Amino acid sequence: MGRIARVKTPETKLTARELFDQATKRLRDLGFNPYRVSSSGDPDDADEQNDWIARDVVAEGIVKGYPRDKETDHPVGVSSEDRALLTLLTSPGVPDGPSPTLEDAKRLYLKDRFTKTNPSEKSKKRD
């Protein structure tokens, strides 16, 4: 007889807030301050120029792995995680993260609930 194939559960898509938080963490791991404020605003400030050059090099390294559109030379198929990181890398000011949504609240609630009570797998699926 035939075998029953397992149904693959869909991967949970990250919310905008989760993408922002993940990108902020990745930026810190790369050695950048995600909440930096332009120190002087002077275009000749060496520290500011060095920061922008370093950010540009990292951004180019990220998009280097993606195919390019032949007409525009823009990267194609950039993942949402890399897109969020690139946005933070190239933002001239302090980034405003997206507001949390009900989905964010639900995920936080379930995470806290599972951490505190350590429920069974059946109970997790039910929730």
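Helix α1 (residues 16–29) packs against helix α3 (residues 80–90), with about 60° between them and 9 Å from axis to axis. That angle is neither over 145 nor in the 65 to 115 range, so α1 and α3 count as oblique to each other. Keep in mind that this is a predicted model. The protein chain has five helices and zero strands, so what follows is about helices, the loop between two of them, and the side chains that they carry.

**The chain at a glance**

- Going along the sequence, the pattern of the protein chain reads α-α-α-α-α.
- The protein chain has 127 residues, and 23% of them are buried.
- Take the contacts in the protein chain with a separation of 6 or more: 55% of them involve residues 24 or more positions apart.

**α1 against α3**

- Where α1 passes α3, the crossing is right-handed.
- On the α1 side, the contact is made by Leu19, Phe20, Gln22, Ala23, Thr24, Arg26 and Leu27.
- On the α3 side, Ser80, Glu81, Asp82, Ala84, Leu85, Leu88 and Leu89 take part.
- Sorted by class, the residues of this contact come out as eight nonpolar, three polar and three charged.

**α2 against α3**

- Helix α3 also packs with α2, at an angle of about 160° and with the axes 9 Å apart.
- Angles over 145 degrees count as roughly antiparallel, and that is why α2 gets this label relative to α3.
- The crossing of α2 and α3 is left-handed, whereas α1 passes α3 in a right-handed one.
- From α2, the contact draws on Trp52, Arg55, Val58, Ala59, Ile62 and Val63.
- From α3, the partners are Asp82, Leu85, Leu86, Leu88, Leu89 and Thr90.
- By class, the contact of α2 with α3 has nine nonpolar residues, one polar and two charged.
- Some α3 residues turn up twice: Asp82, Leu85, Leu88 and Leu89 are in the contact with α1 and also in the contact with α2.

**A closer look at Thr24**

- Thr24 sits in helix α1 and is one of the residues that contact α3.
- Its relative accessible area is 4%, so Thr24 is buried.
- Leaving aside residues up to four places away in sequence, Thr24 touches Pro34, Tyr35 and Leu88.
- Leu88, one of those neighbours, belongs to α3.

**Salt bridges**

- Side chains of opposite charge can pair when their charged atoms come close.
- Searching the whole structure turns up eight salt bridges.
- One of them joins Arg17 and Asp21, whose closest N and O atoms are 3.3 Å apart.
- Arg17 and Asp21 are four residues apart in helix α1, so about one helical turn separates them.
- Arg17 has 23% relative accessibility, so it counts as partly exposed; Asp21, at 38%, also counts as partly exposed.
- Lys25 and Asp29 form another salt bridge, with 3.0 Å from N to O.
- This pair lies in helix α1 too, with Lys25 and Asp29 four residues apart, about one turn of the helix.
- Both Lys25 and Asp29 are exposed.
- In a third example, Glu103 pairs with Lys106, and the closest N and O atoms are 3.8 Å apart.
- Glu103 and Lys106 are three residues apart in helix α4 (residues 102–117), which means that about one helical turn lies between them.
- Glu103 is partly exposed at 31% relative accessibility, and Lys106 is partly exposed with a relative accessible area of 45%.
- The Glu103 and Lys106 pair is part of something wider: salt bridges with shared partners link Glu18, Glu103, Lys106 and Arg107 into one network.

**An unusual spot in a loop**

- Asp73 is not a glycine, yet it has a positive phi of about 65°.
- You'll find Asp73 in the loop between α2 (46–63) and α3.
- With 46% relative accessibility, Asp73 counts as partly exposed.

Methods. Residues are numbered from 1 along each chain as its sequence is written. This is a predicted model: local features need pLDDT of at least 70, side-chain atom pairs count only at pLDDT 80 or more; totals for chains, interfaces and linings use all residues. Side-chain values use heavy atoms; hydrogens and water are left out. Axes are lines fitted to C-alpha atoms, for helices over the stretch in contact, and angles run from 0 to 180 degrees between N-to-C directions. Helices (H or I, at least four residues) and strands (E, at least two) are DSSP runs, numbered from the N terminus. Angles under 35 degrees count as roughly parallel, over 145 as roughly antiparallel, 65 to 115 as roughly perpendicular and the rest as oblique. A crossing is left-handed if the near helix is turned anticlockwise from the far one by less than a right angle, and right-handed if clockwise. Contact means heavy atoms within 4.5 Å. Ala, Val, Leu, Ile, Met, Phe, Trp, Tyr, Cys and Pro count as nonpolar, Asp, Glu, Lys and Arg as charged, and the others, Gly among them, as polar. A salt bridge is a side-chain nitrogen of Lys or Arg within 4 Å of a carboxyl oxygen of Asp or Glu. Buried means under 20% relative accessible area, exposed over 50%, partly exposed in between (1.4 Å probe, protein chains only).
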